[in-house]
Amino acid sequence: MTTGGRASTERPETDMAVLRRSYLDLMRDSLIGRLNEEPPLPASKVDRYYDNVREQGWDWPATAPSMIGAKRMENVRSECERVLSAGVPGDFMETGVWRGGACIMMRAVLWAHQISDRRVIAADSFRGFPAASEASDAGFALQGHQDFAVSLEQVKATFARYGMLDEQVVFLEGLFKDTLPSAPVEKLALLRLDGDMYESTRDGLTNLYHKLSPGGTLIADDYFLFEAHRKAVDEFRAAHAISDPVVRIDEFGGYWIKNSGQ
Ligand SMILES: C[S@@+](CC[C@H](N)C(=O)[O-])C[C@H]1O[C@@H](n2cnc3c(N)ncnc32)[C@H](O)[C@@H]1O
């Protein structure tokens, strides 16, 4: 289940690298509810825990902090580690955090590498999805869904249970259209868009993409799933002549590395 040993041609890992990798493997599996084979929320319409379902993040775990599944959680971890080792400057940020799991992984990577001069910025209404105000979001069906209304207090309590609630985590509470234009962040090394809707995705890109450092990572959680989310991303890429290739993570998500295609 967890990623195992290294190919014999590679240099042996140091003790520290083994411990760091093992910690982040456990963190990933706990954050998505794979470690305890946690059953899904009834609204997922999946009858019980299945490993392949949780691998892809097709269901919503009953209590675990993230719904993004193993592949996209692994992508969060590996891209955070990549930008750190490449020296890409800036904080890590997610727009659309739900129970906070992907942001906890970001903070855990900073912890595992003992980095104290970068922050994790977690932006959400902490009340669930807003009403649709754009035609492209007209068919979106999750507004008012109580499973998505996770309060800031609940999210902070989850960070605290993982030992990850400290001054390196900043919460931005409110609708993206209100919070993102004045988000207290100068540079980002990684930006993860997980607000699903057209407007939520567009607001993330227009307010934050210029803050993403060259070599940084833009993750679009539902690029291959939600047409409205993809439309917002594709419009922004076209308007800004972004040619960096979108790399597929799983059936839902994609990401690109800024300026890699130029
Ligand atoms: C799919 S969930 C995020 C899942 C999360 N990243 C994880 O690791 O499980 C989407 C979240 O986006 C938030 N959201 C969507 N649009 C928003 C907006 N315009 N302003 C604020 N929050 C928004 C919702 O409240 C919800 O918590």
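Reader: Which residues are linked into a cluster by ring pairs, and what makes two rings a pair?

Author: The cluster is formed by Trp60, Trp98, Phe129, Phe140, Phe148 and Phe226, which ring pairs link together. Rings of Phe, Tyr and Trp (for Trp, its six-membered ring) pair if their centres lie within 6.5 Å, and planes under 30 degrees apart count as stacked, over 60 as edge-to-face and the rest as tilted. This is a predicted model, in which local features need pLDDT of at least 70 and side-chain atom pairs count only at pLDDT 80 or more, whereas totals for chains, interfaces and linings use all residues. Residues are numbered from 1 along each chain as its sequence is written, and side-chain values use heavy atoms, with hydrogens and water left out. The structure holds ten aromatic pairs.

Reader: Why is the pair of Trp98 and Phe148 called tilted?

Author: The centres of Trp98 and Phe148 are 6.2 Å apart and the planes make an angle of 45°, so the distance is within 6.5 Å and the angle is neither under 30 nor over 60 degrees, which leaves tilted. Trp98 lies in the loop between strand 1 (91-95) and helix 4 (101-112) and Phe148 in the loop between strand 2 (120-124) and helix 5 (152-161), so this pair ties together parts that are 50 residues apart in sequence. Helices (H or I, at least four residues) and strands (E, at least two) are DSSP runs, numbered from the N terminus.

Reader: What makes the pair of Phe140 and Phe226 edge-to-face?

Author: The planes of Phe140 and Phe226 stand at 75°, with 5.9 Å from centre to centre, and an angle over 60 degrees is therefore edge-to-face.

Reader: How do you know whether Phe140 and Phe226 are buried or exposed?

Author: Buried means under 20% relative accessible area, exposed over 50%, and partly exposed in between (1.4 Å probe, protein chains only). Phe140, at 14%, therefore counts as buried, whereas Phe226, at 25%, counts as partly exposed.

Reader: What makes you say that a charge sits over the ring of Trp256?

Author: The charged end of Arg237 is 4.6 Å from the ring centre of Trp256, and the criterion asks for NZ of Lys or CZ of Arg within 6 Å of the ring centre and within 35 degrees of the ring normal. Arg248 likewise lies over the face of Phe224, at 4.1 Å from the ring centre.

Reader: How do you know that strand 6 and strand 7 pair, and in which sense?

Author: Two strands pair if DSSP finds at least two bridges between them, and strand 6 and strand 7 (residues 254-257) are joined in the antiparallel sense over two bridges, so the requirement is met. Within this pairing, Arg248 has Gly254 of strand 7 as its bridge partner. The open sheet has seven strands in the order 3-2-1-4-5-7-6, with mixed pairing. Strand 3 (169-173) and strand 6 (247-248) stand at its edges with a single partner strand each, so one side of each is left without a neighbour in the sheet.

Reader: What makes the approach of Asp250 to Arg72 a polar contact?

Author: A polar contact is a pair of N or O atoms within 3.5 Å; within protein, one must be able to donate a hydrogen and the other to accept it, and residues adjacent in sequence count only if both atoms are side-chain atoms. The side chains of Asp250 and Arg72 make such a contact at 2.7 Å. Asp250, in the loop between strand 6 and strand 7, is buried, with a relative accessible area of 6%.
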